[in-house]
Amino acid sequence: MGEKIIDLDGTIDPADFYGAADVNFHRLVGKFPELKIVARGGTLKLLGSEEQIARFEERFAQLVAYFRRYGHLSPEVLDQIFDVPTVDRHPMAGEGDTAAGTEDVIVYGNNGNIVRARTTNQRKLVELYAKNDLLFAVGPAGSGKTYTAIALAVRALKNKEVRRIILTRPAVEAGEKLGFLPGDMKEKLDPYLQPLYDALNDMIPPKKLQDYMAEGIVQIAPLAYMRGRTLDNAFVILDEAQNTLLSQIKMFLTRMGRNAKFIVTGDVTQVDLPHQGDSGLMPAIGMLRGIKGIGVVEFDKQDIVRHELVKHIVQAFEKHGVPRD
């Protein structure tokens, strides 16, 4: 049986930290039924196994760091920090580095939402981003390729590493004809780009996102609109790249300007081109793999982070020769 005393930073008001009627404290206690946790003002006393105390300390430090940065806590934030399974120390981490669980946080989104790398290949994408200017992320639907890429882009913008974010997709019809859709060209194309809007809306407050888009700091456009541009000081993501021809991927990649980061995402089992063999994604990766400054991450079914049934759905379709979900 171990014992540990933890003191809150003197700048933190325990009443704000623990919430009205101590709602955050009681939720915290519920996460660790094996520990006896007693609060005395800004001091916590822990009684229990050393392993449980160490686990509590790690997560509690993340909670305090969040509160210091944003000045508030919510039950949702507390759940996100304490319910994510503890991961092993990152193999690249040195003795002085923090635990990988802390490093997995990519960006803090709206309403206290914590966007973190949740799977091995999501963490690999974050790791390779630090070492490469061009990344390819390929794998099944729901594996978090695009969402993780957009989180990295939002973080880069917030940290002033880039001046703008540009998100693009090929406007390839997935069983529907653009000409039959109502509205002008923008209204016809917006449904294809909606998943990109959804991800941004999770990470940037609506008013700020609206301002960013009005000022051109965040741009979402079909791939055809990239032709002829030079993209400097930008984080650029090409999504659904399996629906591009090799010539289109070449056009896109040669837009890369100074201080630019490019990520290309795609799922080769969901090609919507008239002939699947026309997809230029895998041929492009084959030609570029191994070049210094270019990284490739191959996601798989183990990375699927949607409803747990999605993994089984993907497996069932593949088993019966229907690879697309």
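This passage describes the fold, a central strand, selected salt bridges and three individual residues of a predicted model.

The chain has 325 residues, and buried residues make up 47% of them. Its secondary structure comprises twelve helices and eleven strands. Among contacts with a separation of 6 or more, 71% join residues 24 or more positions apart. The exposed area of the chain is about 16900 Å². Carbon and sulfur atoms supply 53% of that area.

Strand S7 spans residues 164–169. Six of its six residues are buried, so S7 is largely enclosed by the rest of the structure. Its side chains point in two directions. Arg164, Ile166 and Thr168 point one way, and Ile165, Leu167 and Arg169 point the other way. S7 runs parallel to S9, and five bridges join the two strands. In this pairing, arginine 164 stands opposite alanine 234 of S9. S7 also runs parallel to strand S8, residues 218–222, again through five bridges. Here isoleucine 166 has glutamine 219 of S8 as its bridge partner.

The structure holds ten salt bridges. One of them involves S7. The side chains of arginine 169 and aspartate 239 meet at 2.7 Å, N to O. This pair links distant parts of the chain, 70 residues apart. Arginine 169 belongs to strand S7, whereas aspartate 239 sits in the loop between S9 and H10. Both residues of the pair are buried. Arg169 and Asp239 also belong to a salt-bridge network with Glu240.

Two further salt bridges include partly exposed residues. Lysine 131 pairs with glutamate 127, with the closest N and O atoms 3.3 Å apart. Glutamate 127 counts as partly exposed because its relative accessibility is 24%, above the 20% limit for buried residues. Glutamate 298 and arginine 289 form another salt bridge, at 2.9 Å from N to O. Glutamate 298 has 43% relative accessibility and is therefore partly exposed. Arginine 289, at 44%, is likewise partly exposed.

The loop between S9 and H10 also holds threonine 244. Strand S9 covers residues 234–238, and helix H10 covers residues 246–253. Threonine 244 has 0% relative accessibility and so counts as buried. Its side chain reaches the backbone oxygen of alanine 241 at 2.6 Å. Beyond residues up to four places away in sequence, threonine 244 touches Pro170, Leu223, Leu238, Ile249, Leu273, Asp278, Ser279, Gly280 and Leu281.

Valine 297 lies in strand S11, residues 294–298. Valine 297 is also at 0% relative accessibility and therefore buried. The C-alpha atoms of valine 297 and asparagine 121 are separated by 6.8 Å, although the two residues are 176 apart along the chain. Asn121 is among the residues that valine 297 touches. The others, leaving out residues up to four places away in sequence, are Lys124, Leu125, Leu128, Phe136, Ala137 and Val138.

Part of the surface is nonpolar. Leu309, Ile313 and Phe317 make a nonpolar patch of about 260 Å². Phenylalanine 317 lies in helix H12, residues 309–319. Its relative accessible area is 36%, so phenylalanine 317 is partly exposed.

Note on methods:
Residues are numbered from 1 along each chain as its sequence is written. This is a predicted model: local features need pLDDT of at least 70, side-chain atom pairs count only at pLDDT 80 or more; totals for chains, interfaces and linings use all residues. Side-chain values use heavy atoms; hydrogens and water are left out. Helices (H or I, at least four residues) and strands (E, at least two) are DSSP runs, numbered from the N terminus. Buried means under 20% relative accessible area, exposed over 50%, partly exposed in between (1.4 Å probe, protein chains only). A polar contact is a pair of N or O atoms within 3.5 Å; within protein, one must be able to donate a hydrogen and the other to accept it, and residues adjacent in sequence count only if both atoms are side-chain atoms. Contact means heavy atoms within 4.5 Å. Patches are made of residues with over 30% relative accessible area and no salt bridge: like charges are joined within 9 Å, nonpolar side chains (Val, Leu, Ile, Met, Phe, Trp, Tyr) within 5 Å. Accessible areas come from the Shrake-Rupley method with a 1.4 Å probe; for residues, only the protein chains shown count as cover. A salt bridge is a side-chain nitrogen of Lys or Arg within 4 Å of a carboxyl oxygen of Asp or Glu. Two strands pair if DSSP finds at least two bridges between them.
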